[in-house]
Amino acid sequence: MKIGTVGRGVALFAAATLALAACTSDAGSDDPTTSPTDEATTTPTGSADDTIFVSVGEDEWAGYNNLTPDTYSTYNSVINDRVRSSFTYFDSTGAIQIDENFGNVELISDDPMVVQYTINDAAVWSDGTPITYEDALLSWAAQHFSDGEDADGLPIPLFNHVGGLDYGERVAAGPQGEAGGKTFTVEYSAPYPDYMLTTVLDFPAHVAAEQAGITLDELTAAIQGGDIEALRPVAEFWNTGWLSSTPGELPDPTVALSSGPYTYGSWEAGQSLTLVPNEAYWGPAPATANLTFRFAAADTHVQALQNGDLNVIEPQATVDTLDQLNAIGDSVTVGTYDTLIWEHLDINFGEGASLADSQELREAFALCVPRQLIVDNLIAPINPDAGIMNAREVFPFESDYEDIVSAAYDGRYDVADVEASAAKIAEAGVDTPVKVRIGYNAPNPRRSDIVALIKDSCDQAGFEIVDQGSSEFFTADLGSGNFDVALYAWSGSGQITSGQNIYASDGAQNVTKYNNPEVDAAWDTLTSTLDPAVQTEQTIIIESLLWEDLFGIPLFAHPGVAAWDSTIQNVTPNPTQSAILWNAEKWVR
């Protein structure tokens, strides 16, 4: 059964309109506030005695604490998200919603910026302990305290949190509330547009205190008093005690507590992990009792769906994959949709890179990249409405995309112009051919095809395009600068501020060594205002400068493909990193 293809702003499923924000937040949406378990779809009152099989890849589950640098991944998070409640979530349109089952979030003051959080009175951990202010205090501590400095004079975080000290720096005083309370406030030192996406409550503080050999009151006092020595054993447990070092051995259920509809049931090393209902969950019970994640390679998913070994899959969107899924017939429901993932070419500005020191060569390269042909050959067969992408901070299917692009970019690189490219190379006054190594993570057939199309065009202009695809691209080449142009994708998070980490001179993800003080200043303004008009104004400035300098070349937004057993209800793709599992607790045959 084929559901259809979504165009810009056109609904794919009756319950989902996939026109969404990518690096911009929709926290101010006029849509009614809902909960993942409250939307108008079939939801039984109890859990059906059944199992639904799904796979997010072949990687083994890494443990309960998915907030360390070694365990933080989409694959780990989508599993743990089913056992962990949060104040907000991304709905099927990619908009940010408040989970009323868990509580409420309210901006109660603009100056100073103060956000009030209210936890549902019925909310408890799976051991029956109420979820309270202390749990939020621990989450803040894990991103606030440091323990000395490194060789460069930078603070060493006490807790091994993937977010570093970011949240703790934005909220210097920490959450304010009463012991055992269900309400607390957070005051930001400066306006922060992405406050709706800040995770302010993660793990059970009473467990961390017990495992560290102190009481919850002593933990609270240590955090509020900044007592590093008292917090050291707490951090040690946070860093290691919630990880899973032995595949197949589930963590102690009295330690790895659930605050969501599911909890951990069983784990077969190298095979699967099964979630079961959390009996202490105060919200609607999961529609299906058992949700089993099979560790299976992506290239096996289509066949596994046809065989019934998997019931829900979200494979890479390729023409071959779509044809294979449609060939299965009505026993499987297939749909395509827009996603928050976008493909791009980033130019290396580091020392020794072939395009780093010449604006003319960067312009020549941009002029010969056949962006429209890439979309026509590789993306349009999946989504006929697909077009080239001309921005980095907004997506083609967003309502403000055309306004921002028209103000920031004049369309000069939309269609390849080999003659103009050759003229720019001549203007640069360099010997030809100019070697350009395009690095990407291999094997990846679609990216190999993209490089082949670029080579066919750009070699005619005077370049020598070298396909430098490698299985070590992410682990070695990208970080070391062993490329001239990098071909990969960013996965959008719904954040307004996330691009600063990529394009700012000191951004942690600025692997290309790009540096423009005007871009830095625009990001500083954008990330410190709650005014949407100022955010748009600064986004236009940033996009204009990135095009002018040719930081890189956006190509296209990835189409998504999902397929599932047609007997299963309530499966709705989600374009964010939450992926198709965002409402798995509602799936039922």
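## A buried helix, paired rings and two cavities

Helix α9, residues 359-368, is mostly covered, with 8 of its 10 residues buried. The buried ones are L361, R362, E363, A364, F365, A366, L367 and C368. This is a predicted model, and the values below are computed from it.

**Strands and crossover**

Strands β16 (residues 434-441) and β17 (residues 463-470) run parallel. They are joined by 8 bridges. In one of these, K435 has E464 in β17 as its partner. Between the two strands the chain passes through helix α13, residues 445-458. This β-α-β crossover is right-handed.

The loop between β16 and α13 holds P443. The peptide bond joining A442 and P443 is cis, with omega about 5°.

A cis bond also runs from D111 to P112, with omega near 0°. P112 sits in the loop between β5 (103-110) and β6.

**Aromatic pairs**

How many aromatic pairs does a search of the whole structure find? The count is 30. Two of these pairs are set out here.

| Pair | Centre to centre | Angle between planes | Type |
|---|---|---|---|
| F87 and Y117 | 5.0 Å | 55° | tilted |
| W140 and F145 | 5.7 Å | 75° | edge-to-face |

Why is the pair of F87 and Y117 called tilted? The planes of the two rings stand at 55°, so the pair falls between the limits of 30 degrees for stacked and 60 for edge-to-face. F87 lies in the loop between α1 (74-80) and β3 (88-90). Y117 belongs to strand β6, residues 113-119. The two are 30 residues apart, and their pair links distant parts of the chain.

Are F87 and Y117 buried or exposed? F87 has a relative accessible area of 4%, so F87 is buried, the cut-off being under 20%. Y117 is buried too, with a relative accessible area of 1%. In the edge-to-face pair, both W140 and F145 are buried.

Ring pairs also build a cluster. Its members are W61, Y64, F159, F203, F237, W238, W242, Y264 and W267.

**Cavities**

Rolling a probe the size of a water molecule over the atoms shows where empty space is left. The structure has 2 cavities of 30 Å³ or more. The second largest cavity has a volume of about 40 Å³. Which residues line the second largest cavity? They are W342, H344, L345, D346, R392, W490, Y503, F551, G552, I553 and P554.

Two elements give two or more residues to this lining: β15 (332-347) and β19 (552-565). Strand β15 supplies the largest share, 4 residues. By type, the lining of the second largest cavity divides into 7 nonpolar, 2 polar and 2 charged residues.

**Positive phi outside glycine**

K513 has a positive phi, near 65°, and is not a glycine. K513 is found in the loop between α15 (500-503) and α16 (517-526). Its relative accessible area is 57%, so K513 counts as exposed, a class that begins over 50%.

A579 also has a positive phi, about 60°, although A579 is not a glycine. A579 is found in the segment after β19. Is A579 buried or exposed? A579 is buried, because its relative accessible area of 15% is under 20%.

Key. Residues numbered from 1 in each chain as written. Predicted model: local features only at pLDDT ≥ 70, side-chain atom pairs only at ≥ 80, totals over all residues. Heavy atoms only, no water. 1 Å grid on protein atoms, 1.4 Å probe; cavity = no way out; pocket = protein on both sides within 12 Å on 5 of 7 lines; lining within 4 Å. Points joined across faces, edges and corners; volume = space filled by probe spheres on them. Nonpolar A, V, L, I, M, F, W, Y, C, P; charged D, E, K, R; others polar. Buried < 20%, exposed > 50% of the residue type's maximum accessible area, 1.4 Å probe, protein only. Pairing = 2+ DSSP bridges. Right-handed = clockwise from strand over helix to strand, strands pointing away. Phe/Tyr/Trp six-rings, centres within 6.5 Å; stacked < 30°, edge-to-face > 60°.
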